[in-house]
Amino acid sequence: MADDLRLYFLECGSLKTQVQYIKMNQGLGDPYEIPVPFFLITHPRGNVLFDGGNALEVARDARAHWGVVVDAYEPVMSEDDFVVNQLQRLDIDPASVRYVVQSHLHLDHSGAIGHFPNAEYVVQRRELEYAYTPDWFQKTAYIRPDFDKDVRWLFLDGPNDDGYDLFGDGTIKTLFTPGHAPGHTSLVVTLEGEGPMMLTADACYTMDHYEEKALPGLIHSAADVAYSVRKIHREVDRLGATVVTGHDPDAWPKFKKAPEYYS
Ligand SMILES: [Zn+2]
């Protein structure tokens, strides 16, 4: 295990979908395949995951685990893509993971929950509440067996708990970015060499979303999405950060992937 600060980009397969499910009201019926990213950060005081891709069950029988939503988002995933198996190939022991930060609890982000015995699971309290009681139009995006687990949650409490500094040293900080989901959180990782990296997660699916040319096809509040994208811009400008979008088939291939890393 590395004892310096490193950021690894990982991918839990892809989703075969259509443009309108990613970019609202655009490209109706056009096929679109998007990566399912998650991230590992090694820190001197413990390893951190930012999301965990899909649950292992998805590799075995996606329709049994996800239900009808596979008609809109068809996962391409093998058991090797499961977060625990990918970390094993990097020699990362599940017991060494100290925090799992959840951007939100949608089905393609919640695969790590419950698999790291010493971890605290960092999530917006309102996101977990909403995951149990979603509106009808978000119901298929939350898979209760993924998050209804006896784990140690570390709750962030909405706008009043923004900018949570994981280790108190400024290297890993949350940014509250609701809209796509009500308790959505982005993450800023400040590396010694690369400088700040803004991991937007689904606050910006792609650079089109970052550039205010698209709303996500799946949304909780359009106004909050717009507000959060502006907020990310302000932080990116202030910090001089590199933007890493959440499901971007054009930008994602340009980044180094594990076992390579940024530091
Ligand atoms: Zn999502």
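The exercises below concern the metal site, the cavities and the nonpolar core of a predicted model.

**Exercise 1. The zinc site**

Identify the residues that coordinate the zinc ion, and determine why the arrangement of the donor atoms is irregular.

*Solution.*

Step 1. The zinc ion is held by three histidines and an aspartate: H104 through NE2, H106 through ND1, H180 through NE2 and D202 through OD, at 2.1 to 2.4 Å.

Step 2. The angles subtended by the four donor atoms run from 88 to 177°. Four donors count as tetrahedral if all angles lie between 85 and 135 degrees. Because the angles here span 88 to 177°, the arrangement is irregular. For reference, the ideal angle for four tetrahedral donors is 109.5 degrees.

**Exercise 2. The donors in sequence**

Write the spacing of the donor residues, then state which parts of the chain H104 and D202 tie together and whether each of the two is buried or exposed.

*Solution.*

Step 1. Along the sequence, the donor residues of the zinc ion follow the pattern H-x1-H-x73-H-x21-D.

Step 2. H104 belongs to the loop between β5 (97–101) and β6 (120–124), while D202 belongs to the loop between β10 (195–201) and α6 (207–210); the pair therefore ties together parts that are 98 residues apart in sequence.

Step 3. The cut-off for a buried residue is under 20% relative accessible area. H104, with a relative accessible area of 0%, is buried. D202, at 2%, is buried as well.

**Exercise 3. The cavities**

State how many cavities of 30 Å³ or more the model contains, and describe the lining of each.

*Solution.*

Step 1. The count is two cavities of 30 Å³ or more.

Step 2. The largest cavity holds about 50 Å³ of space. Its lining includes P37, F38, F39, H109 and H247. Strand β2 (residues 31–43) gives the most to this lining, with three residues. By class, the lining of the largest cavity has five nonpolar, four polar and one charged residues.

Step 3. The second largest cavity holds about 30 Å³. Among the residues that line this cavity are H180 and D202, both of which also coordinate the zinc ion. The lining of the second largest cavity divides into four nonpolar, four polar and one charged residues.

**Exercise 4. The nonpolar core**

Name the residues that touch the most other members of the largest nonpolar core, and the element that gives the largest share of this core.

*Solution.*

Step 1. The largest nonpolar core has 49 residues, of which L49, V83 and F116 touch the most other members.

Step 2. Elements that give two or more residues to this core include β1 (6–18), α2 (56–66), α3 (83–89) and α4 (125–132). The largest share, five residues, comes from β2.

Terms used:
Residues are numbered from 1 along each chain as its sequence is written. This is a predicted model: local features need pLDDT of at least 70, side-chain atom pairs count only at pLDDT 80 or more; totals for chains, interfaces and linings use all residues. Side-chain values use heavy atoms; hydrogens and water are left out. Donors are N, O and S atoms within 2.8 Å of the metal (3.2 Å for Na, K and Ca); water is not among the atoms, so sites may look incomplete. Four donors count as tetrahedral if all angles lie between 85 and 135 degrees; four count as square planar and six as octahedral if opposite donors are over 155 degrees apart and all others between 65 and 115; anything else is irregular. Helices (H or I, at least four residues) and strands (E, at least two) are DSSP runs, numbered from the N terminus. Buried means under 20% relative accessible area, exposed over 50%, partly exposed in between (1.4 Å probe, protein chains only). On a 1 Å grid over the protein atoms alone, a cavity is a set of points where a 1.4 Å probe fits but cannot get out, and a pocket is an open set with protein on both sides within 12 Å along at least five of seven lines; lining residues have an atom within 4 Å of a point. Grid points are joined across faces, edges and corners, and a volume is the space filled by probe spheres set on the points. Ala, Val, Leu, Ile, Met, Phe, Trp, Tyr, Cys and Pro count as nonpolar, Asp, Glu, Lys and Arg as charged, and the others, Gly among them, as polar. A nonpolar core is a set of buried Ala, Val, Leu, Ile, Met, Phe, Trp, Tyr and Cys residues joined through side-chain atoms within 4.5 Å.
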